[in-house]
Amino acid sequence: MFRTLDILVLLILTFLACSNAEIITVKVADSGLDFNPQNATARKDDVISFLFVKGKHSLVQSDGPGVCTNSTTLTSLSSGIKSEGETYNFTVNQNNGAIYYFCDYGQHCLGGEWGVINVVSGNGGGSGSGSNGGKSSASVNVPNSLNFFLLFTITLFFFKSMI
Ligand SMILES: *[C@@H]1O[C@H](CO)[C@@H](O)[C@H](O)[C@H]1NC(C)=O
Ligand SMILES: *[C@@H]1O[C@H](CO)[C@@H](O)[C@H](O)[C@H]1NC(C)=O
Ligand SMILES: *[C@@H]1O[C@H](CO)[C@@H](O)[C@H](O)[C@H]1NC(C)=O
């Protein structure tokens, strides 16, 4: 049998092991029709938190850098029209490659309002890059609850087998 304390310690250790997903902030229309950073780097399960700074915008996935038409294959990134002060959170659901997106509102994309999420493999969360470096990225831990319970259960049985 486990004592409550043992389980508590396991719970904390498991939580720490799983909490490596990050929230990466990308500002929308921070300075004209732009995304800041335009090129963000992220890992699977990271959350890209788009913060709408000024005016109205609508983010949609495209199939390439600077492409101003909807993606024909991937349709997971789609914010709908958002106004200043609002946020749109997009969870990265692929292990690698690039996710391209643009602003579908008015002629914003032709004005240069498009961006890229470069997905890299590995742990530890991502960071922004580009004109403003990674300065607008926030490092906030988000536990992935499914991974959390899987790892917790595995750890529990591992410890049990040693007793
Ligand atoms: C592109 O996708 C957005 C969001 O899903 C949608 O509102 C818009 O009508 C689509 N545009 C075209 C040309 O299909
Ligand atoms: C997006 O995530 C941020 C940080 O967790 C949160 O403050 C915000 O309310 C979320 N926005 C939406 C629309 O869920
Ligand atoms: C972001 O990457 C695209 C290509 O994926 C490139 O055309 C663009 O210049 C880059 N932007 C910045 C600010 O580095």
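**Entry 1: the chain overall**

I started with burial: 30% of the 163 residues in the protein chain are buried. I keep in mind that this is a predicted model. Next I listed the secondary structure and found two helices and 11 strands. I then read their order along the sequence. The pattern opens with α, runs through the β elements and closes with α. I also looked up how far apart contacting residues sit in the sequence. Among contacts with a separation of 6 or more, 73% join residues 24 or more positions apart.

**Entry 2: the core**

Which residues touch the most other members of the largest nonpolar core? I found Val26, Ala42, Ile48, Phe50, Tyr101 and Ile117, out of 25 residues in that core. I then checked which strands supply at least two residues each. They are β1 (21-28), β3 (39-42), β4 (47-52), β5 (57-62), β8 (97-103) and β9 (114-119).

I picked Tyr101 for a closer look. I left aside its neighbours within four places in sequence. Its contacts then include Leu59, Val60, Gln61 and Ser62. Leu77, Trp114 and Gly115 are also in contact with Tyr101.

**Entry 3: strand β4**

I followed the side chains along β4 and saw that they alternate. Ile48, Phe50 and Phe52 point to one face and are buried. Val47, Ser49 and Leu51 point to the other face and are not buried. Two of the buried residues, Ile48 and Phe50, were already on my list of core residues that touch the most other members.

What does β4 pair with? I found β1, in the parallel sense, over six bridges. Val26 stands opposite Phe50 of β4. Both Val26 and Phe50 are on that core list too. I also found β7 (residues 87-91), which runs antiparallel to β4 and is joined to it by five bridges. There, Thr91 of β7 is the bridge partner of Val47.

**Entry 4: the two ligands**

Which residues are around ligand 1? I noted Val60, Asn70, Ser78 and Asp104. By class, this shell holds one nonpolar, two polar and one charged residue. Val60 had come up before, as a contact of Tyr101.

Around ligand 2 I noted Ile23, Ser49, Thr87 and Asn89. This shell has one nonpolar and three polar residues, and no charged ones. I had met Ser49 already in β4, on the face whose side chains are not buried. Thr87 and Asn89 fall within the range of β7, residues 87-91. Ile23 falls within β1 (21-28).

Methods. Residues are numbered from 1 along each chain as its sequence is written. Chains are lettered from A and ligands numbered from 1 in the order in which they are written. This is a predicted model: local features need pLDDT of at least 70, side-chain atom pairs count only at pLDDT 80 or more; totals for chains, interfaces and linings use all residues. A residue is near a molecule or strand if its C-beta atom, placed from the backbone, lies within 6 Å of it. Ala, Val, Leu, Ile, Met, Phe, Trp, Tyr, Cys and Pro count as nonpolar, Asp, Glu, Lys and Arg as charged, and the others, Gly among them, as polar. A nonpolar core is a set of buried Ala, Val, Leu, Ile, Met, Phe, Trp, Tyr and Cys residues joined through C-beta atoms within 7 Å. A residue is buried if 20 or more other C-beta atoms lie within 10 Å of its own, exposed if 12 or fewer, and partly exposed in between; C-beta atoms are placed from the backbone. Helices (H or I, at least four residues) and strands (E, at least two) are DSSP runs, numbered from the N terminus. Two residues are in contact if their C-beta atoms, placed from the backbone, lie within 7 Å. Two strands pair if DSSP finds at least two bridges between them.
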